[in-house]
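Visitor: I should like to examine one part of this model closely, and then to see how other parts of the chain are built. Please take me through it in a connected account.

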Amino acid sequence: MSVNFPLRLLLAAMLAFASHAAAASSHADPYADVLDLHGTPANAADRSFNVFFDAGAWHGYSLPAAGDAGSGFSGPFVHSLGAGRWVGRRMARVELKDAASSTPLALREVASHSLPGCLERRFEGDGVRLRQVLYFADARRALVRIELEASTARRLDVAVEGESMPAPGDALALRGDALLQTFAGSGETLLTRLYATGGEMRPRQERQGYRFATAVPLRLQPLALVLEQSLSPEAGGTVPRLADEPALWRHNRARWEGYLRATAAAHVEGVDDSTARRIAVKAVQTLIGNWRSARGDLRHDGVIPSYSADYFNGFWAWDSWKHAAALAWFAPDLARDQMRAMFDFQAANGMVADSVYLDAKENNWRNTKPPLAAWAALEIHRATGDAAFVAEMYDRLVRYHRWWFAERDHDRNGLAEFGATDGTRIAAAWESGMDNAVRFDEAKMLANGEGAWSLDQESVDLNAYLYREKRDLAELAGILGRTAERDAWRREAEAMKQRIGTRFFDADAGWFFDVRLGTGARIGVFGAEGWTPLWAGLASETQAKAVIATMLDPERFATPMPLPTLAADDARFSPIKGYWRGPLWLDQARFGVEALRRYGHVAEADALSARLLLVADGLAAQAPMYENYDPTTGKGYQARNFSWSAASYLWLLGIGRE
């Protein structure tokens with residue numbers, strides 16, 4: 001069967017790709033290989049290496065492992081199958097034979113790179129040059145352009161192969177001029193087609209995969225093929241045939257050029273600008289790599305925390321707010337959808353779920369997450385000037401804000417507590433986002449009403465966030481011309497500011513602490529929550545001076561990679577496996593640096609920012625961005641390719657910073 005692609009369009013595309021070729025080597029492109037994307041799956045669950053996703057796709061690919069010189073790419077990895085699994089070991093492997101002698105051509109790899117928005121491989125041998133570029137046309141379609149050129153006109157037998165990794169019950173079958181892969185217990189389908197010029201390429205199902213091969217030899221001067229893999233969420237789903245592949249490539253390039261323009265502003269005192277910009281590009285690649293399109297019960301696109309961990313196959317609330325605040329500066333449409341994706345499920349009482357998934361039955365309603373949604377919405381407006389989005393979100397944000405005081409203020413004193421809907425302490429700790437923080441070790445649960453429980457302590461960070469929300473809601477109301485509401489929010493914020501400053505600050509210790517309900521005793525743990533009032537802008541100058549002195553103490557928080565979640569001189573400090581009991585989390589470090597800037601300590605903020613960038617192991621080279629770091633060494637731990645780390649680094653690099 002023949003799957004011919006218009007010759008005019010393919011020749012035009014070859015010219016377009018040729019113009020890009022000079023920038024497709026690690027020597028010419030300053031952003032080549034900012035992240036190591038080499039790996040070959042050892043098994044279906046292999047997550048030991050990084051994967052290339054783009055455009056909201058739920059399937060991804062990698063460059064083969066170093067030393068594997070065979071052509072093609074690893075994959076695909078399908079993230080929407082359970083917790084995600086590899087369904088193919090190799091795709092787009094090219095086999096060439098001289099038509100006259102039937103002798104296989106020996107090609108050697110000369111380049112294998114990841115570039116912003118694509119993967120590229122180049123081979124040479126026997127007078128032939130092969131170039132393969134993999135990119136995403138959209139959320140469903142991955143395309144591989146296969147370009148063949150020869151030093152002299154010749155005829156070749158050409159085959160393009162793929163090796164699948166089927167699970168029991170999976171199936172691969174011919175479907176007209178394509179191969180259709182189905183998966184047991186899922187409606188997902190993966191369709192593979194080949195578009196060719198100058199001849200016929202027939203598809204064939206093989207025991208371990210598929211093969212498209214020439215019916216008669218093809219004339220090689222020049223030759224272009226396009227392999228398409230489209231993932232559909234529904235049985236029998238497909239996408240239209242390619243009509244103008246060059247336009248899809250141009251759109252891909254324009255989209256990524258837009259992303260990269262935003263990174264040009266990356267600058268930190270003490271860090272070489274070229275290094276700062278490469279890290280900024282890595283941060284963008286991390287966030288876009290974790291972008292997943294609407295499907296299943298998810299009604300809007302969003303960004304998952306990390307594809308590298310099998311437990312992060314959905315959207316989380318305060319992750320989403322942080323993602324949106326960063327995306328606003330280079331992918332504003334995605335930023336808006338990230339917020340909509342969470343508020344699509346807002347409960348009648350105003351609560352927003354902790355996390356949402358492809359299957360809404362899995363959504364976690366045991367708790368929510370800290371209230372940063374109004375802050376994120378204001379960041380989107382600051383980046384875009386989009387008042388219509390503010391109008392769309394404002395009432396939802398108000399309902400969520402009011403929910404905290406209705407369901408999480410046990411003693412009705414206008415200060416809230418973290419809690420849960422099911423009365424469990426673990427869910428209440430999750431609600432803080434700092435799951436096992438030392439400050440919660442002695443906490444107990446108190447009933448507020450049906451489906452509403454609080455910890456028996458008021459948390460300073462929660463109330464600082466709520467104060468900041470009142471200020472941000474005032475700004476949003478002002479954008480909408482609701483001046484009476486704006487003024488009311490400001491009055492509420494001012495009253496809350498006074499209560500927070502009095503109740504949570506310990507003048508002798510010079511730190512903000514959580515407070516035990518009933519006794520009013522301060523819970524004397526020096527944690528990252530202590531600088532949240534400075535980030536929110538509610539601390540007095542005297543309070544800020546004391547807190548900053550502790551933040552800049554090398555024995556406590558000014559560690560080699562600075563601003564851990566627990567003071568380093570605490571006996572319970574566990575910098576590697578402590579999770580929220582010592583490791584450094586970039587979101588809290590970012591808030592700490594922002595706190596320093598807010599209170600005029602710009603030089604110190606720059607110095608800590610430079611250390612956060614340069615001490616992180618491998619960050620300036622090819623290492624991914626980790627979920628958290630050892631503040632004493634800078635080594636990364638937990639999930640790789642972590643989205644809110646990327647979002648935080650973009651702010652530290654000056655992107656979106658006021």
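Visitor: In which sense do strand β9 (residues 155–164) and β14 pair, and over how many bridges?

Guide: The model is a predicted one. Within it, β9 and β14 pair in the antiparallel sense, and five bridges connect them. One position in this pairing can be named: R211 in β14 has E161 opposite it. Strand β14 itself spans residues 209–214, and six of its six residues are buried, so the strand counts as mostly covered. The cut-off behind that word is a relative accessible area under 20%.

β14 also pairs with strand β13 (residues 201–206); these two run antiparallel and are joined by six bridges. Here A213 in β14 has R202 opposite it. The connection between β13 and β14 is a hairpin of two residues. In general, the strands of a sheet pair through backbone hydrogen bonds, in either a parallel or an antiparallel arrangement.

Another set of strands offers a second view of such pairing. Three strands, in the order β1-β2-β3, form an open sheet with antiparallel pairing. Its edges are β1 (59–62) and β3 (85–86), each of which pairs on one side only. Three bridges hold β1 to strand β2 (residues 74–78), again in the antiparallel sense. In that pairing, S62 has S74 of β2 as its bridge partner.

Turning to the helices, α7 covers residues 387–407. Its 21 residues reach 30 Å from the first C-alpha to the last, close to the 30 Å expected at 1.5 Å a residue. The helix nevertheless contains a kink of about 40°, centred on M393. M393 is also among the buried residues of α7, which include F389, V390, Y394, L397, W403 and W404. At the N-terminal end, D386 acts as the cap: one of its side-chain oxygens lies 3.1 Å from the backbone nitrogen of A388.

A second helix, α13 (residues 586–598), contains D587. D587 counts as buried because its relative accessibility is 1%, below the 20% limit. Its side chain is joined to that of Q588 by a polar contact of 3.0 Å. Leaving aside residues up to four places away in sequence, D587 touches W318, K322, W580, W644 and S648.

Next comes the packing of nonpolar residues. The largest nonpolar core has 154 residues, and W321, F330, M339 and Y649 are those with the most contacts inside it. Beyond residues up to four places away in sequence, Y649 touches M561, L586, L612, L613, A616, L619 and M625. Apart from this core lies another, of 38 residues, including V94, F136, L172 and L220. In soluble globular proteins, nonpolar side chains tend to be buried together.

Finally, T632 provides a contrast in setting, being located in the loop between β29 (626–629) and β30 (636–640). T632 counts as partly exposed because its relative accessibility is 38%, which lies between the limits of 20% and 50%. The side chains of T632 and D630 make a polar contact of 2.6 Å. Excluding residues up to four places away in sequence, T632 touches P560, F573 and P575. The C-alpha atoms of T632 and A568 are 8.9 Å from each other, although the two residues are 64 residues apart along the chain.

Definitions and conventions:
Residues are numbered from 1 along each chain as its sequence is written. This is a predicted model: local features need pLDDT of at least 70, side-chain atom pairs count only at pLDDT 80 or more; totals for chains, interfaces and linings use all residues. Side-chain values use heavy atoms; hydrogens and water are left out. A nonpolar core is a set of buried Ala, Val, Leu, Ile, Met, Phe, Trp, Tyr and Cys residues joined through side-chain atoms within 4.5 Å. Buried means under 20% relative accessible area, exposed over 50%, partly exposed in between (1.4 Å probe, protein chains only). Contact means heavy atoms within 4.5 Å. Two strands pair if DSSP finds at least two bridges between them. Helices (H or I, at least four residues) and strands (E, at least two) are DSSP runs, numbered from the N terminus. The expected span of a helix is 1.5 Å times one less than its number of residues. The bend at a residue is the angle between axes fitted to the seven residues ending there and the seven starting there. A polar contact is a pair of N or O atoms within 3.5 Å; within protein, one must be able to donate a hydrogen and the other to accept it, and residues adjacent in sequence count only if both atoms are side-chain atoms.
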